[in-house]
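Okay, thanks for coming, everyone. Let me put the chain up on the screen, and then I'll walk you through it.

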Amino acid sequence: MTSDELILTQAQELRRGTVVLACLALLEDAQYGYALLETLNEAGVTVDGNTLYPLLRRLEKQGLLTSEWNTDESRPRKFYRVSPKGSLVREGLMNEWQSLVASMSRLTKEIG
């Protein structure tokens, strides 16, 4: 495996956990899956639909998201929104994220 391939693989591992936090942050306002996918990708949080949709279902099953179908348009869409439990988890994850960023900043300053 080349260095570039290794970096790509490891970067995917880093991103995997951040997608949960990004979804919980973005779904304060209800969005449907494809719009969320576009928002994440535009923000630089690259995620594939085959990853996002199962994640949304898992977060809903865990009680972190709620959903409802909108059938007002010609194509029904399932809208997701963070639940009260999801808001609490998001706050805890944000604290963990900020602590991790601070720790990594300290560590990388020592290296560089």
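**Surface, core and a few contacts**

So, starting from the outside: the protein chain has an accessible surface of about 8000 Å², and 54% of that belongs to carbon and sulfur atoms. Those areas come from the Shrake-Rupley method with a 1.4 Å probe, and for residues, only the protein chains shown count as cover.

Before I go on, the housekeeping. This is a predicted model, where local features need pLDDT of at least 70 and side-chain atom pairs count only at pLDDT 80 or more, while totals for chains, interfaces and linings use all residues. Residues are numbered from 1 along each chain as its sequence is written, and side-chain values use heavy atoms, with hydrogens and water left out.

Now the layout. We've got four helices and three strands, and from the N terminus they go α-β-α-α-β-β-α. Those are DSSP runs numbered from the N terminus, with helices being H or I of at least four residues and strands E of at least two. The C-alpha atoms fill a box of roughly 55 × 35 × 20 Å along the principal axes.

How much of the chain is buried? Buried residues are 24% of the 112 in the protein chain. Buried here means under 20% relative accessible area, exposed is over 50%, and partly exposed is in between, with a 1.4 Å probe and protein chains only.

On to the core. The largest nonpolar core has 18 residues, and Cys23, Leu52, Leu56 and Leu65 have the most contacts inside it. Helix 1 (3–26), helix 2 (33–42), helix 3 (49–61) and strand 3 (77–82) each give two or more residues to this core, and helix 1 gives the most, with five. A nonpolar core, by the way, is a set of buried Ala, Val, Leu, Ile, Met, Phe, Trp, Tyr and Cys residues joined through side-chain atoms within 4.5 Å. As background, nonpolar side chains in soluble globular proteins tend to be buried together.

Take Leu52. Not counting residues up to four places away in sequence, Leu52 touches Cys23, Gly33, Leu36, Leu37, Leu40 and Val47. Contact means heavy atoms within 4.5 Å.

Next, Leu26, which sits in helix 1. Why is Leu26 called partly exposed? Because its relative accessibility is 29%. With the same four-place neighbours left aside, Leu26 is in contact with Gln31, Leu36, Thr39 and Leu40. The C-alpha atoms of Leu26 and Leu40 are 8.7 Å apart, with their positions 14 residues apart along the chain.

Now helix 4, residues 84–111, which is where Ser87 is. Ser87 counts as buried because its relative accessibility is 19%. Beyond neighbours within four places in sequence, Ser87 contacts Glu28 and Val82. Arg90 is in helix 4 too, and at 12% relative accessibility it also counts as buried. Again leaving aside neighbours within four places, Arg90 is in contact with Leu21, Leu24, Ala25, Glu28 and Val82.

Last stop, the rings. Which residues form the aromatic pair? There is one such pair by the rule used, and Tyr32 and Phe79 form it, edge-to-face, 5.5 Å centre to centre with 65° between the planes. The rule pairs rings of Phe, Tyr and Trp (its six-membered ring) if their centres lie within 6.5 Å; planes under 30 degrees apart are stacked, over 60 edge-to-face, and the rest tilted. Tyr32 is in strand 1 (residues 31–32) and Phe79 in strand 3, 47 residues apart, so the pair links distant parts of the chain.
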